[in-house]
Amino acid sequence: MTARQLSRRFGDLLAVDGLNLNVERGSVHGFLGPNGSGKSTTIRMLAGLLMPSSGDIEVLGQKLPAAAEAVRRRMGYMTQKFSLYEDLSVRENLEFLAHIHGLYGAKGRQRVNELLGRYHLDSRQKQLAGTLSGGEKQRLALAGAVLHEPELLLLDEPTSQVDPQSRRDFWDALFDLADAGTSLLVSTHYMDEAERCHRLAILDHGRLVAEGTPQHLIEALPFVVVRLHAERPRAIQQALSGVDGVSGIAQLGASLRVLLRRDLDRDALVKRLNQQGFSVQMEVIAGNLEDVFVAATHSGGRS
Ligand SMILES: Nc1ncnc2c1ncn2[C@@H]1O[C@H](COP(=O)(O)OP(=O)(O)OP(=O)(O)O)[C@@H](O)[C@H]1O
């Protein structure tokens, strides 16, 4: 799946701005970005559900929107919003989808049984979908999205409503699909999920601001990450806010985690805080994906 110079305008707002994106076959590509950065808009264009204002999309060797109908049969799409019938049972929902995809009779039943087993929904098959737990609903939605064995799966914050163990199980299911050759683009706000992706794309204000493997993005971080141990972390946070080269200040219990521009004189900074009456110890620590996210999107209040 490739998008070139993809843009979408809503009135005065350029929600997606010249985006270039490539999702390799059989890979899990994470899609990150602050609220409103354009992830859902992009995914809806890639799914053929929203017309781009400009740019090219090629999915599975075919161009969108021209081949949208044909491509849709080879792709799956799932959002955070539960889109199945709440007043149909689990089995009925999947059988209904099987019919839509032209799987009738024994063939359809066999596929539904297979999915009920794979997504641990056998014991729930007679239950109305609306009464399932959040995690079960997501598993059912995934079963529905992959029923027709799509080659590309687009997932828009699929785990936003589920607990950590269910999120892990869900991601194991995603990797099973990738191992079987499916390409996946998954938007998420969870850094533990982002860490698991083969590659990541980070959006900010509709623009691609970082792209690469999680490891590469962490290594390329243009900041040194430090932990400041001190007695009055809130007061130090205030003293540091607005200082040139200091960003992403976050309090972690009794200490502060801070991003410092690489060329910043760290000893001078500690000295300056000491002179201001703060007794501070600075420790350089390893960066993580949250640091990458904050640095790329400036959402940590970069000066
Ligand atoms: N149909 C629409 N009409 C007008 N503006 C829209 C429309 N759809 C999206 N937008 C705007 O486009 C911007 C991007 O929205 P989008 O939903 O793509 O962001 P997002 O990255 O998915 O956000 P979140 O993480 O909160 O889900 C937002 O400012 C949103 O209000």
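A quick yardstick before you start clicking: a residue counts as exposed if 12 or fewer other C-beta atoms lie within 10 Å of its own, as buried if there are 20 or more, and as partly exposed in between. Keep in mind, too, that you're looking at a predicted model.

**Stop 1: a glycine in a loop.** Select G11, in the loop between strand 1 (2-10) and strand 2. By that yardstick G11 is exposed, because it has just 6 other C-beta atoms within 10 Å. Leave G11 highlighted; you'll want it again shortly.

**Stop 2: the whole chain.** Zoom out. The protein chain has 303 residues, and 39% of them are buried. Colour by secondary structure and you can pick out 11 helices and 14 strands. Along the principal axes, the C-alpha atoms fill a box of roughly 80 × 45 × 35 Å. Of the contacts with a separation of 6 or more, 68% are between residues 24 or more positions apart.

Now colour by domain: domain 1 is 2-214 and domain 2 is 222-286. Their C-alpha centres sit 40 Å apart. If you select 1-230 instead, you have the range that UniProt, in an unreviewed entry, lists as "domain: ABC transporter". That stretch is 34% helix and 29% strand, with its end C-alpha atoms 49 Å apart.

**Stop 3: around the ligand.** Click the ligand and show its surroundings: F10, L13, A15, G33, N35, G36, S37, G38, K39, S40 and T41. Two elements give two or more residues each to this shell, strand 2 (13-22) and helix 1 (39-46). Which of them provides the largest share? Helix 1 does, with three residues. By type, the shell splits into seven polar residues, three nonpolar and one charged.

**Stop 4: along helix 1.** Stay with helix 1, which is mostly covered, with six of its eight residues buried. To see the buried ones, select K39, T41, T42, I43, M45 and L46. Step just past the end of helix 1 to G48, which takes a positive phi of about 80°. Here's where G11 comes back: a C-alpha to C-alpha distance between G11 and G48 reads 20 Å, with their positions 37 residues apart in sequence.

**Stop 5: a cis bond.** Go to L64 and P65, where the peptide bond is cis, with omega of about 0°. P65 is in the loop between strand 5 (62-64) and helix 2 (68-72).

**Stop 6: two positive phi values outside glycine.** Select E157, in the loop between strand 7 (152-156) and helix 6 (164-179). E157 isn't a glycine, yet its phi is positive, about 45°. Is E157 buried or exposed? Buried, because 20 other C-beta atoms lie within 10 Å.

Then jump to H205, in the loop between strand 9 (199-204) and strand 10 (207-212). H205 is another non-glycine with a positive phi, this time about 50°. H205 counts as partly exposed, because it has 17 C-beta neighbours inside 10 Å.

**Stop 7: a strand pair to finish.** Last selection: strand 11 (residues 223-229) together with strand 14, which pair in the antiparallel sense over five bridges. For one of the partners, show R227 and look across to E283 in strand 14. How many of the five residues of strand 14 (residues 281-285) are buried? Zero, so strand 14 lies largely in the open.

Notes
Residues are numbered from 1 along each chain as its sequence is written. This is a predicted model: local features need pLDDT of at least 70, side-chain atom pairs count only at pLDDT 80 or more; totals for chains, interfaces and linings use all residues. Domain bounds come from an automatic or database domain assignment. A residue is near a molecule or strand if its C-beta atom, placed from the backbone, lies within 6 Å of it. Helices (H or I, at least four residues) and strands (E, at least two) are DSSP runs, numbered from the N terminus. Ala, Val, Leu, Ile, Met, Phe, Trp, Tyr, Cys and Pro count as nonpolar, Asp, Glu, Lys and Arg as charged, and the others, Gly among them, as polar. UniProt positions are given in the numbering used here, feature names are shortened, and annotations may be inferred rather than shown by experiment. Two residues are in contact if their C-beta atoms, placed from the backbone, lie within 7 Å. Two strands pair if DSSP finds at least two bridges between them.
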